[in-house]
Amino acid sequence: MKENIFNYSRLKLENYFLENGEKKFKAVQVMEWLYDKREYNFYNFSNLKKELQKKLDEDFTTEFIEIEKFLEGKDVKKFLFRLKDQEKIEAVLMIHDYGISVCISSQVGCNMGCKFCESGRLKKVRNLETYEMVEQILLIEKYINKRVERVVIMGIGEPFDNYDNVINFIKIINDSKALAIGARHITVSTCGLVSKIDDFSNLDLQVNLALSLHAPTDELRSKLMPVNQVYNLDTVMKSIKAYIAKTNRRVTIEYVMLNMVNDNIADALNLVKLIKGMNVYVNLIPYNETSHIEFNKSSKERINKFYEVLKNNKVNVTVRKEFGGNIKAACGQLRSESD
Ligand code: SF4
């Protein structure tokens, strides 16, 4: 069966050519056609011999997933994609002062079951293949006729539950001969799959790691995020500390603000205690209410008070700008329209 060529990193393509008795620099030539010239017909790769064009066509496809629907809000655009097996995923493009960023999906559905998350209502159907992640970006770039500058892997799915494909994806988009997105402009977010955080810390990637924390005590976190019953806070924070020690990189702590649930002053103080002395940066996320889920958004006043407690305790903290609530494109609202 033909494999989609966007599953192939430079290294894998080089090995393919070597195995087929060709020079490995052909990999870069192919990547230039795909990612620079955006040419997807192998027979038009004019600097390759006819036989090699044919061989590529026999072994690979450049088939694309499809944009089924597109929604546009202020500073935000949502793309609903239909995959080859008719499953659906979404990606969100956000226009910041500092550039264009895209939040992509890594799975069809998600098994983590976070209670406040719309995406988590859909059980995991399957992992995305690498090409299905790469193509989300290629199609968005084509649609807006601009280059994407930042990528966050924070849409539908838990990226570390699809670890190998996500790491392969990161390597491809970071490659200067592919999408050339700087490592520091790539963020992968996990709800705390400890064994994968440990693996991730052993990779020599300069990408950013974010931990979806959302609660500062085991009691509360276990209620909101079932993953906490497997990896409790002590275990997760130890693993994050080890990651920071090993990589010398700052970790982002994501904290969604749920009215009267995790936004009390006591929660802020517990959070301060939990991250004391760690090289982290806290991102407070105003919650986007949905019709399906019972949580409410914290008031501006409660968010500000929470923020002040953190600030006064010398925590690096920001409140995330609100995006996309009006088109159901905000965090936790991504979901398949077919559900
Ligand atoms: S917040 Fe992330 S990990 Fe949790 S259910 Fe939603 S998509 Fe899955």
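This is a tour of a predicted model, one selection at a time.

Residue numbers start from 1 along each chain as its sequence is written. Because the model is predicted, local features need pLDDT of at least 70 and side-chain atom pairs count only at pLDDT 80 or more, while totals for chains, interfaces and linings use all residues.

**Stop 1: the two domains**

Colour residues 3–61 as domain 1 and residues 66–327 as domain 2; these bounds come from an automatic or database domain assignment. The C-alpha centres of domain 1 and domain 2 are 33 Å apart. Across the boundary, 9 residues of domain 1 are in contact with 12 residues of domain 2, contact being C-beta atoms, placed from the backbone, within 7 Å. On the side of domain 1 that touches domain 2, helix 2 (residues 26–36) gives the largest share, with 4 residues. Helices here are DSSP runs of H or I with at least four residues, strands are runs of E with at least two, and both are numbered from the N terminus. By class, that side of domain 1 holds 4 nonpolar, 3 polar and 2 charged residues. Ala, Val, Leu, Ile, Met, Phe, Trp, Tyr, Cys and Pro count as nonpolar, Asp, Glu, Lys and Arg as charged, and the others, Gly among them, as polar.

**Stop 2: isoleucine 5**

Select isoleucine 5, in the loop between strand 1 (3–4) and helix 1 (10–19). Is isoleucine 5 buried or exposed? Isoleucine 5 is buried, with 23 other C-beta atoms within 10 Å. The cut-offs are 20 or more other C-beta atoms within 10 Å for buried, 12 or fewer for exposed, and partly exposed in between, with C-beta atoms placed from the backbone. Not counting residues up to four places away in sequence, isoleucine 5 touches Leu34, Phe60 and Thr62. Now add threonine 130: the C-alpha atoms of isoleucine 5 and threonine 130 are 9.8 Å apart, with their positions 125 residues apart in sequence.

**Stop 3: the nonpolar core**

Next, show Val102, Val134, Ile137, Val151 and Ile173, the residues with the most contacts inside the largest nonpolar core, which has 93 residues. Domain 1 (3–61) and domain 2 (66–327) both contribute residues to this core, so it lies between them. A nonpolar core is a set of buried Ala, Val, Leu, Ile, Met, Phe, Trp, Tyr and Cys residues joined through C-beta atoms within 7 Å. Centre on isoleucine 173 and, leaving aside neighbours within four places in sequence, find its contacts: Val134, Ile137, Val151, Ala178, Leu179, Ile181 and Ile186.

**Stop 4: helix 5**

Show helix 5, residues 163–174. Its 12 residues should span 16 Å at 1.5 Å a residue, and the end C-alpha atoms are 16 Å apart, which agrees. The expected span is 1.5 Å times one less than the number of residues. The buried residues of helix 5 are Val166, Ile167, Asn168, Phe169, Ile170, Ile172, Ile173 and Asn174. They pack against helix 4 (130–144), strand 9 (150–153) and strand 10 (186–190).

**Stop 5: the ligand shell**

Which residues are around the ligand? Select Cys110, Met112, Gly113, Cys114, Cys117, Ser119, Gly120, Ile156, Gly157, Glu158, Cys191 and Ser212. A residue is near a molecule if its C-beta atom, placed from the backbone, lies within 6 Å of it. The shell is made up of 6 nonpolar, 5 polar and 1 charged residues.

**Stop 6: strands 3 and 4**

Go to phenylalanine 70 in strand 3. With 12 other C-beta atoms within 10 Å, phenylalanine 70 is exposed. Outside four places in sequence, phenylalanine 70 touches Lys77 and Phe79. Move on to aspartate 75, in the loop between strand 3 (66–73) and strand 4 (76–82). Aspartate 75 has a positive phi of about 60 degrees although it is not a glycine. This residue counts as partly exposed, with 14 C-beta neighbours inside 10 Å.

**Stop 7: helix 10 and the loop after it**

Finish at helix 10 (residues 300–312), and select valine 309 within it. Helix 10 has 13 residues and reaches 18 Å from its first C-alpha to its last, close to the 18 Å expected at 1.5 Å a residue. Valine 309 counts as partly exposed, with 19 C-beta neighbours inside 10 Å. Leaving aside neighbours within four places in sequence, valine 309 is in contact with Ile265, Ala268, Leu269 and Val272. For a long distance, measure from valine 309 to lysine 26: their C-alpha atoms are separated by 56 Å. Lysine 314 comes just after helix 10, in the loop between helix 10 and strand 14 (316–319). Phi of lysine 314 is near 65 degrees, a positive value in a residue other than glycine. With 9 C-beta neighbours inside 10 Å, lysine 314 counts as exposed.

Note on methods:
Contact = placed C-beta atoms within 7 Å.
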